[in-house]
Amino acid sequence: MEFDEVVRKRKMIRQYGLHRPIPDYIVTKLIENAHRAPSAGHSQVQEFIIVKDPSIKSKLGEAALGQRQVYDASLLIIICSNTSRSVNRYGKRGKDFYSIIDGAFASMLVLLTSVNEGIGACFVGAFEDEKVSKILELPEYVKPIGIITLGYPAERPEKFERIGVSKLVYYEKYGYKL
Ligand SMILES: Cc1cc2nc3c(=O)[nH]c(=O)nc-3n(C[C@H](O)[C@H](O)[C@H](O)COP(=O)(O)O)c2cc1C
């Protein structure tokens, strides 16, 4: 698929064909592409937990405020940032800020790769951090950034209206228009 088409097609998919697993080669591709993400100072904090076990999915679903797609997904990729690799260098900024951006970049690569592979995906950020950390046995220095739910699409969601680009772009300083 052309890159522009991938970007334009990307849309969160929350309903999946329940009995169709995602082949391992696609899972590998999702992770390998996410692994290409940039990270602050090349600290490479991003780590990935692949979850297929229904009982773990169910616990994560509860931690994600009962969101259906977490229970229904064929698999989940939980994007984490291992702040132990950045905190010495960047301190609080590394822990509180860069870690989230690094995780977000990796997440976007998973979302775009999913489109290219014909897989539906949804980034879930609404969850209780402590619960997710406990379920996944994350050490204190590993922060969960997002739960990406994945499966073969069983819906074609309508595109949302977007605020026009011209309303969002300024020149040289905030609020300045051409
Ligand atoms: C930081 C962040 C957190 C999000 N959390 C959730 C979530 O918990 N559940 C969900 O269904 N979608 C979640 N989304 C997806 C957004 O709702 C979605 O991107 C937005 O409505 C635009 O739709 P589109 O991505 O399909 O264009 C999240 C997106 C972002 C960027």
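A polar contact is a pair of N or O atoms within 3.5 Å. In the predicted model described here, such a pair links the ligand to glutamine 67: a nitrogen atom of the ligand lies 2.6 Å from an N or O atom in the side chain of this residue. The backbone also takes part. A backbone N or O atom of phenylalanine 123 is found 3.2 Å from a nitrogen atom of the ligand, and a polar backbone atom of alanine 126 is 3.0 Å from an oxygen atom of the ligand. Taken alone, the ligand exposes 620 Å², of which the protein buries 61%.

The surroundings of the ligand comprise 13 residues, and those that come nearest are Lys11, Met12, Arg14, Gln67 and Phe123. By character, the shell around the ligand divides into 6 nonpolar, 3 polar and 4 charged residues. Strand β3 gives the most to this shell, with 3 residues.

Strand β3 also belongs to a sheet. Strands of a sheet pair through backbone hydrogen bonds, in either a parallel or an antiparallel manner. In this model, 4 strands form an open sheet in the order β1-β2-β4-β3, and the pairing is antiparallel. The edges are occupied by β1 (46-51) and β3 (120-124); each has a single partner strand, so one side of each is left without a neighbour in the sheet. From one strand to the next, the twist averages 25 degrees.

Within the sheet, strand β2 (residues 75-82) and strand β4 (residues 142-151) run antiparallel and are joined by 8 bridges. The pairing can be followed at the level of single residues: cysteine 80 has proline 144, in β4, as its bridge partner.

A helix accompanies the sheet. Helix α5, which spans residues 87-116, lies across β1, β2, β3 and β4. With respect to β4, helix α5 runs at about 15 degrees. Strand β3 thus appears in several parts of this description: as an edge strand of the sheet, as one of the strands across which helix α5 lies, and as the element that gives the most residues to the shell around the ligand.

Definitions and conventions. Residues are numbered from 1 along each chain as its sequence is written. This is a predicted model: local features need pLDDT of at least 70, side-chain atom pairs count only at pLDDT 80 or more; totals for chains, interfaces and linings use all residues. Side-chain values use heavy atoms; hydrogens and water are left out. Two strands pair if DSSP finds at least two bridges between them. Helices (H or I, at least four residues) and strands (E, at least two) are DSSP runs, numbered from the N terminus. Axes are lines fitted to C-alpha atoms, for helices over the stretch in contact, and angles run from 0 to 180 degrees between N-to-C directions. Contact means heavy atoms within 4.5 Å. A residue is near a molecule or strand if one of its heavy atoms lies within 4 Å of it. A polar contact is a pair of N or O atoms within 3.5 Å; within protein, one must be able to donate a hydrogen and the other to accept it, and residues adjacent in sequence count only if both atoms are side-chain atoms. Accessible areas come from the Shrake-Rupley method with a 1.4 Å probe; for residues, only the protein chains shown count as cover. Ala, Val, Leu, Ile, Met, Phe, Trp, Tyr, Cys and Pro count as nonpolar, Asp, Glu, Lys and Arg as charged, and the others, Gly among them, as polar.
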